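Welcome! Please take a moment with the sequence and the structure below before reading on.

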Amino acid sequence: AKKAPAKKAPAKLALKKVSKKASKKPTAAKKTSTKANASSKKGSGAKFRDWGFRLVVLETLHDLGHFHEEFDRARELAADAEEFTVSAPARKILDAIALTPALLAEITSISLNVGAVQHVLTSEWDGEDDLFEVKRVDDVAFLPNLTTVTVICNIAMGTDLSPIAKVPTLESFRCTIGEDWAKGLAAFEPLRKRGVKVTLSS
């Protein structure tokens, strides 16, 4: 039985169920990304402290054209998983992807939100639990070209967001979660003076 949280979590965005049987024919772009995937497996890659944040990075890179083959394989394996649980075989595939400096340097924008990657790892998920929550964001230091960060939901209560304020390349930060849920938001106010666009929940 799940314990009710002390405070109500920020509302999750409406999620579309993803069919586990759906498959897309590989395009030329995906064939190119497959080569990138092969090179990404060489070496150990960055060691992320927070699994939830790593999933955000994986989804961002997937949107940039990487890891389509891995995501499709994981989705197929997760189709038989128990609802609202992470498929161990599917997770093994995504955890095996080496996030190399070259790949991480491609990322300029991230969104801490619920996306497609969660549905690659489980047969059914409604976004109403902490299964994929981001609990710490200091892994943001692995993203040398990051300019834009958006925080919408899917972070654990009490998560300190101030490490994001230390990103030297940051140009825009938007957070729809208030201080009653996230910590460290005061660290973003001084950034306005150096021209960073800061939008905080009122």
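The sections below go from the whole chain to its sheet, its core and a few single residues.

## The chain as a whole

A good thing to know at the start is that this is a predicted model. The chain holds 7 helices and 4 strands, and if you follow the sequence you meet them in the pattern α-α-α-α-α-β-α-β-α-β-β.

The chain has 202 residues, and 46% of them count as buried. Its accessible surface is about 11000 Å², with 54% of that belonging to carbon and sulfur atoms. Contacts across the sequence are also worth a look: taking those between residues at least 6 apart in sequence, 74% join residues at least 24 apart.

## The sheet

How are the strands arranged? The 4 strands make an open sheet in the order 1-2-3-4, and their pairing is parallel. At the edges you will find strand 1 (109–112) and strand 4 (197–200), each of which pairs on one side only. From one strand to the next, the twist averages 5 degrees.

Now zoom in on the pairs. Strand 2 (residues 148–151) and strand 3 (residues 172–175) run parallel and are joined by 4 bridges. Here Thr148 stands opposite Ser172, and Thr150 stands opposite Arg174. Strand 3 also pairs with strand 4, again in the parallel sense and over 4 bridges; Cys175 has Leu200 of strand 4 as its bridge partner.

## Two faces of strand 3

In a regular strand the side chains alternate between the two faces of the sheet. Strand 3 offers an example to look at: Phe173 and Cys175 are on its covered face, while Ser172 and Arg174 are on its uncovered one.

## The nonpolar core

Which residues touch the most other members of the largest nonpolar core? Among its 54 residues, they are Phe53, Leu94, Leu161, Phe173 and Phe188. Phe173 is thus a name you have already met, on the covered face of strand 3.

Leu94 is a handy place to explore. Setting aside its neighbours within four places in sequence, Leu94 is in contact with Arg54, Leu58, Glu70, Phe71, Ala74, Val117, Val120 and Leu121.

## Helix 2, an enclosed helix

Helix 2 (residues 51–63) supplies the largest share of the core, 7 residues. Its 13 residues should span 18 Å at 1.5 Å a residue, and this agrees with its end C-alpha atoms, which are 18 Å apart.

Is helix 2 enclosed or open? Because 12 of its 13 residues are buried, helix 2 is largely enclosed by the rest of the structure. The buried residues are Trp51, Gly52, Phe53, Arg54, Leu55, Val56, Val57, Leu58, Glu59, Thr60, Leu61 and His62. Their cover includes helix 3 (68–78), helix 4 (88–95), helix 5 (101–104), strand 1 and helix 6 (117–121).

## A buried cysteine in a loop

To finish, find Cys153 in the loop between strand 2 and helix 7 (162–165). Why does Cys153 count as buried? Its relative accessible area is 1%, and buried means under 20%.

Cys153 and Asn113 are 40 residues apart along the chain, yet their C-alpha atoms are separated by 5.0 Å.

Methods
Residues numbered from 1 in each chain as written. Predicted model: local features only at pLDDT ≥ 70, side-chain atom pairs only at ≥ 80, totals over all residues. Heavy atoms only, no water. Buried < 20%, exposed > 50% of the residue type's maximum accessible area, 1.4 Å probe, protein only. Contact = heavy atoms within 4.5 Å. Areas by Shrake-Rupley, 256 points an atom, 1.4 Å probe, with all protein chains shown as cover. Pairing = 2+ DSSP bridges. Axes fitted to C-alpha atoms, helices over the stretch in contact; angles between N-to-C directions. Core = buried A, V, L, I, M, F, W, Y, C linked by side-chain atoms within 4.5 Å. Expected span 1.5 Å × (residues − 1).
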